[in-house]
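Hello,

Here is the structure you were expecting. Please look it over first; my notes follow below.

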Amino acid sequence: MSHILPRSFYIRHPTVVARELLGKVIASHIDGEELTGRIVEVEAYLGLADPAAHTFGGKTERNAVLFGPPGFAYVYFIYGMHYCLNFSCEPDGVPGGVLIRAVEPLKGLDTMVRLRGLASSANPRLLASGPGKLCQALGITRSTHNGLDVTRKASPLQVFDDGYSPVSILATPRIGIRKAVEEPLRFMAAENEFIRTKR
DNA sequence: GGAGCGATGTCCT
DNA sequence: GGACATCGCTCCG
(Lines give C-alpha, C1' and ligand atoms only; values in the text may rest on other atoms or scores of the structure.)
Protein backbone atom coordinates (compact mmCIF):
# COMPACT_ATOMS: atom_id res chain seq x y z
CA MET A 1 0.00 0.00 0.00
CA SER A 2 1.56 3.29 -0.97
CA HIS A 3 0.92 6.70 0.59
CA ILE A 4 2.01 10.29 0.01
CA LEU A 5 4.88 11.35 2.23
CA PRO A 6 3.48 13.75 4.87
CA ARG A 7 4.91 17.15 5.70
CA SER A 8 6.51 15.71 8.85
CA PHE A 9 8.77 13.64 6.60
CA TYR A 10 10.36 16.79 5.19
CA ILE A 11 10.62 18.83 8.37
CA ARG A 12 13.90 17.13 9.36
CA HIS A 13 17.55 17.87 8.51
CA PRO A 14 18.32 17.69 4.75
CA THR A 15 20.82 14.87 5.28
CA VAL A 16 18.17 12.71 6.94
CA VAL A 17 15.52 13.58 4.36
CA ALA A 18 17.97 12.93 1.52
CA ARG A 19 18.82 9.42 2.71
CA GLU A 20 15.20 8.56 3.36
CA LEU A 21 14.06 9.82 -0.04
CA LEU A 22 16.07 7.06 -1.69
CA GLY A 23 13.66 4.40 -2.89
CA LYS A 24 10.60 6.69 -2.72
CA VAL A 25 8.52 7.28 -5.85
CA ILE A 26 8.01 10.63 -7.59
CA ALA A 27 4.74 10.96 -9.48
CA SER A 28 4.25 13.69 -12.07
CA HIS A 29 0.85 14.28 -13.66
CA ILE A 30 1.16 15.68 -17.17
CA ASP A 31 -1.83 16.10 -19.48
CA GLY A 32 -3.83 13.53 -17.51
CA GLU A 33 -1.06 10.97 -17.56
CA GLU A 34 0.88 9.80 -14.54
CA LEU A 35 4.64 9.45 -14.91
CA THR A 36 6.53 7.82 -12.06
CA GLY A 37 10.12 7.12 -11.13
CA ARG A 38 11.94 5.73 -8.11
CA ILE A 39 14.50 8.06 -6.53
CA VAL A 40 17.97 6.52 -6.70
CA GLU A 41 20.32 9.50 -6.30
CA VAL A 42 20.02 12.68 -4.20
CA GLU A 43 22.11 15.44 -2.65
CA ALA A 44 21.55 17.37 0.58
CA TYR A 45 21.98 21.16 0.69
CA LEU A 46 22.27 22.60 4.16
CA GLY A 47 21.00 26.17 4.06
CA LEU A 48 23.02 28.97 5.63
CA ALA A 49 25.91 26.74 6.72
CA ASP A 50 26.60 25.31 3.27
CA PRO A 51 28.62 27.42 0.79
CA ALA A 52 27.40 25.24 -2.08
CA ALA A 53 23.72 25.82 -1.31
CA HIS A 54 21.63 28.42 -3.11
CA THR A 55 20.52 29.62 0.33
CA PHE A 56 24.05 30.33 1.57
CA GLY A 57 23.84 34.06 0.85
CA GLY A 58 20.43 34.48 2.45
CA LYS A 59 16.90 34.69 1.16
CA THR A 60 16.21 36.00 -2.34
CA GLU A 61 13.23 35.87 -4.65
CA ARG A 62 14.61 32.80 -6.41
CA ASN A 63 15.39 30.65 -3.36
CA ALA A 64 12.40 31.74 -1.24
CA VAL A 65 10.81 28.27 -1.40
CA LEU A 66 13.77 26.79 0.47
CA PHE A 67 13.15 29.23 3.34
CA GLY A 68 9.46 28.34 3.46
CA PRO A 69 7.67 25.32 4.93
CA PRO A 70 8.89 21.77 4.25
CA GLY A 71 7.49 19.59 1.48
CA PHE A 72 7.48 22.10 -1.37
CA ALA A 73 9.14 21.85 -4.78
CA TYR A 74 12.03 24.21 -5.49
CA VAL A 75 12.74 24.21 -9.23
CA TYR A 76 15.52 26.39 -10.64
CA PHE A 77 16.93 27.02 -14.08
CA ILE A 78 20.63 26.41 -14.68
CA TYR A 79 23.19 26.73 -17.49
CA GLY A 80 20.67 28.40 -19.74
CA MET A 81 18.80 25.20 -20.55
CA HIS A 82 18.16 22.84 -17.65
CA TYR A 83 15.81 22.65 -14.69
CA CYS A 84 16.65 20.99 -11.38
CA LEU A 85 14.19 19.69 -8.78
CA ASN A 86 14.54 19.98 -5.00
CA PHE A 87 12.25 19.49 -2.05
CA SER A 88 12.30 21.98 0.82
CA CYS A 89 13.23 20.63 4.26
CA GLU A 90 13.42 21.95 7.81
CA PRO A 91 10.70 23.98 9.60
CA ASP A 92 9.24 27.14 8.06
CA GLY A 93 11.89 29.87 8.19
CA VAL A 94 14.86 27.48 8.22
CA PRO A 95 16.44 26.94 4.79
CA GLY A 96 17.47 23.54 3.49
CA GLY A 97 16.65 21.16 0.69
CA VAL A 98 17.34 17.97 -1.18
CA LEU A 99 18.26 17.90 -4.88
CA ILE A 100 16.88 14.95 -6.80
CA ARG A 101 19.66 13.76 -9.10
CA ALA A 102 18.31 10.58 -10.67
CA VAL A 103 15.24 8.37 -10.80
CA GLU A 104 14.58 4.91 -12.16
CA PRO A 105 11.70 5.29 -14.64
CA LEU A 106 8.74 3.13 -13.60
CA LYS A 107 5.60 4.27 -15.39
CA GLY A 108 5.03 6.31 -18.56
CA LEU A 109 8.31 5.50 -20.25
CA ASP A 110 6.96 6.22 -23.73
CA THR A 111 6.00 9.74 -22.69
CA MET A 112 9.33 10.26 -20.95
CA VAL A 113 11.13 9.26 -24.14
CA ARG A 114 9.06 11.78 -26.09
CA LEU A 115 9.60 14.59 -23.55
CA ARG A 116 13.33 13.89 -23.65
CA GLY A 117 13.31 14.01 -27.43
CA LEU A 118 14.89 10.57 -27.69
CA ALA A 119 14.34 7.73 -30.14
CA SER A 120 11.92 5.06 -28.93
CA SER A 121 14.81 2.61 -28.89
CA ALA A 122 16.67 4.71 -26.30
CA ASN A 123 18.18 3.01 -23.29
CA PRO A 124 15.88 3.60 -20.26
CA ARG A 125 18.98 4.35 -18.23
CA LEU A 126 19.43 7.55 -20.20
CA LEU A 127 15.92 8.82 -19.47
CA ALA A 128 16.28 10.31 -16.02
CA SER A 129 19.87 9.70 -14.90
CA GLY A 130 20.67 13.31 -14.04
CA PRO A 131 18.96 16.31 -12.43
CA GLY A 132 18.30 18.06 -15.73
CA LYS A 133 17.27 14.87 -17.48
CA LEU A 134 14.74 13.82 -14.89
CA CYS A 135 13.02 17.20 -14.98
CA GLN A 136 12.72 16.96 -18.74
CA ALA A 137 11.50 13.36 -18.57
CA LEU A 138 8.86 14.21 -15.95
CA GLY A 139 7.79 17.47 -17.59
CA ILE A 140 8.97 19.62 -14.69
CA THR A 141 9.71 23.32 -15.28
CA ARG A 142 10.14 26.32 -13.04
CA SER A 143 7.04 28.10 -14.27
CA THR A 144 4.79 25.07 -13.78
CA HIS A 145 6.27 23.41 -10.70
CA ASN A 146 8.26 25.82 -8.52
CA GLY A 147 6.52 26.30 -5.18
CA LEU A 148 4.15 23.33 -5.50
CA ASP A 149 3.14 21.56 -2.30
CA VAL A 150 4.13 17.94 -2.96
CA THR A 151 2.28 16.64 0.11
CA ARG A 152 -1.14 17.63 -1.29
CA LYS A 153 -3.38 14.86 -2.55
CA ALA A 154 -4.33 16.76 -5.72
CA SER A 155 -0.84 18.04 -6.50
CA PRO A 156 0.51 17.36 -9.99
CA LEU A 157 3.80 16.45 -8.31
CA GLN A 158 3.87 14.04 -5.39
CA VAL A 159 6.21 11.69 -3.58
CA PHE A 160 5.04 8.26 -2.46
CA ASP A 161 6.30 5.61 -0.09
CA ASP A 162 5.41 2.28 -1.68
CA GLY A 163 7.12 0.20 0.97
CA TYR A 164 10.37 -0.21 -0.91
CA SER A 165 13.64 0.76 0.71
CA PRO A 166 17.17 0.45 -0.66
CA VAL A 167 19.34 -2.41 0.51
CA SER A 168 22.34 -0.17 1.10
CA ILE A 169 23.18 3.50 0.70
CA LEU A 170 26.36 4.88 -0.83
CA ALA A 171 27.56 8.33 0.33
CA THR A 172 30.02 10.39 -1.76
CA PRO A 173 30.93 14.05 -2.23
CA ARG A 174 28.43 16.07 -4.25
CA ILE A 175 29.18 16.64 -7.89
CA GLY A 176 29.00 19.58 -10.26
CA ILE A 177 29.69 22.13 -7.52
CA ARG A 178 32.71 24.32 -6.81
CA LYS A 179 32.34 25.03 -3.12
CA ALA A 180 32.29 22.55 -0.23
CA VAL A 181 33.29 19.84 -2.67
CA GLU A 182 34.46 17.43 0.01
CA GLU A 183 31.31 17.03 2.06
CA PRO A 184 29.79 13.52 1.62
CA LEU A 185 26.26 14.75 1.00
CA ARG A 186 25.44 12.80 -2.14
CA PHE A 187 23.52 9.59 -1.54
CA MET A 188 22.71 6.70 -3.87
CA ALA A 189 20.81 3.44 -3.68
CA ALA A 190 23.92 1.32 -4.04
CA GLU A 191 22.35 -1.76 -5.56
CA ASN A 192 20.24 0.09 -8.13
CA GLU A 193 21.07 -0.40 -11.79
CA PHE A 194 20.06 3.15 -12.67
CA ILE A 195 22.75 5.01 -10.75
CA ARG A 196 25.74 5.98 -12.79
CA THR A 197 29.35 5.08 -12.23
CA LYS A 198 30.15 4.76 -8.58
CA ARG A 199 33.15 6.35 -6.98
C1' DG B 1 34.45 5.05 -20.87
C1' DG B 2 36.34 9.38 -20.18
C1' DA B 3 38.31 14.16 -20.87
C1' DG B 4 37.28 18.52 -23.15
C1' DC B 5 34.10 21.85 -24.51
C1' DG B 6 30.24 24.71 -26.29
C1' DA B 7 25.45 25.99 -25.72
C1' DT B 8 22.53 29.16 -23.34
C1' DG B 9 19.17 32.25 -19.71
C1' DT B 10 18.86 33.90 -15.17
C1' DC B 11 20.42 35.48 -10.92
C1' DC B 12 23.18 38.30 -7.95
C1' DT B 13 27.29 41.29 -6.99
C1' DG C 1 29.73 40.83 -16.00
C1' DG C 2 30.68 36.43 -14.16
C1' DA C 3 29.12 32.35 -12.23
C1' DC C 4 26.26 28.60 -12.61
C1' DA C 5 23.66 22.01 -7.99
C1' DT C 6 24.07 20.30 -16.66
C1' DC C 7 23.99 17.80 -20.92
C1' DG C 8 25.39 15.74 -25.12
C1' DC C 9 28.60 15.96 -28.55
C1' DT C 10 33.33 15.14 -30.26
C1' DC C 11 37.71 13.03 -30.12
C1' DC C 12 40.74 9.78 -28.14
C1' DG C 13 42.10 5.35 -26.37
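The accessible surface of chain A is about 9,200 Å², and carbon and sulfur atoms hold 55% of that. Areas come from the Shrake-Rupley method with a 1.4 Å probe; for residues, only the protein chains shown count as cover.

Some conventions. This is a predicted model, in which local features need pLDDT of at least 70 and side-chain atom pairs count only at pLDDT 80 or more, while totals for chains, interfaces and linings use all residues. Residues are numbered from 1 along each chain as its sequence is written, chains are lettered from A and ligands numbered from 1 in the order in which they are written, and side-chain values use heavy atoms, with hydrogens and water left out.

**The fold**

Chain A has six helices and nine strands. These are DSSP runs, numbered from the N terminus: H or I of at least four residues for helices, E of at least two for strands. The radius of gyration of chain A is 15 Å, close to the 16 Å of the globule rule for 199 residues, so chain A is as compact as a globular protein of that length. That radius is taken over C-alpha atoms; the rule is 2.2 Å times the number of residues to the power 0.38. Of the 199 residues, 51% are buried (under 20% relative accessible area, 1.4 Å probe, protein chains only).

**DNA strand C**

Here 20 residues surround the strand, and Tyr76, Asn86, Arg116, Gly132 and Gly176 are the closest. Near means a heavy atom within 4 Å. Sugar and phosphate make up 58% of the strand C atoms within 4 Å of the protein.

Three polar contacts (pairs of N or O atoms within 3.5 Å) follow:

- Arg116: a side-chain N or O atom is 2.8 Å from a phosphate oxygen of strand C.
- Gly176: a polar backbone atom is 3.0 Å from a phosphate oxygen of strand C.
- Ala52: a backbone N or O atom is 3.3 Å from a base nitrogen of strand C.

Strand 4 (73–78), strand 5 (82–88), strand 6 (97–107) and helix 5 (131–138) each give two or more residues to this surface.

**DNA strand B**

Eight residues lie around this strand; Thr60, Phe77, Tyr79, Met81 and Arg142 come nearest. Sugar and phosphate account for 59% of the strand B atoms within 4 Å of the protein. A polar side-chain atom of Thr60 sits 2.3 Å from a phosphate oxygen of strand B. For Arg142, a polar side-chain atom is 3.2 Å from a phosphate oxygen of strand B.

Best wishes

Methods
Polar contact = N/O pair within 3.5 Å; in protein donor to acceptor, adjacent residues only side chain to side chain. Buried < 20%, exposed > 50% of the residue type's maximum accessible area, 1.4 Å probe, protein only.
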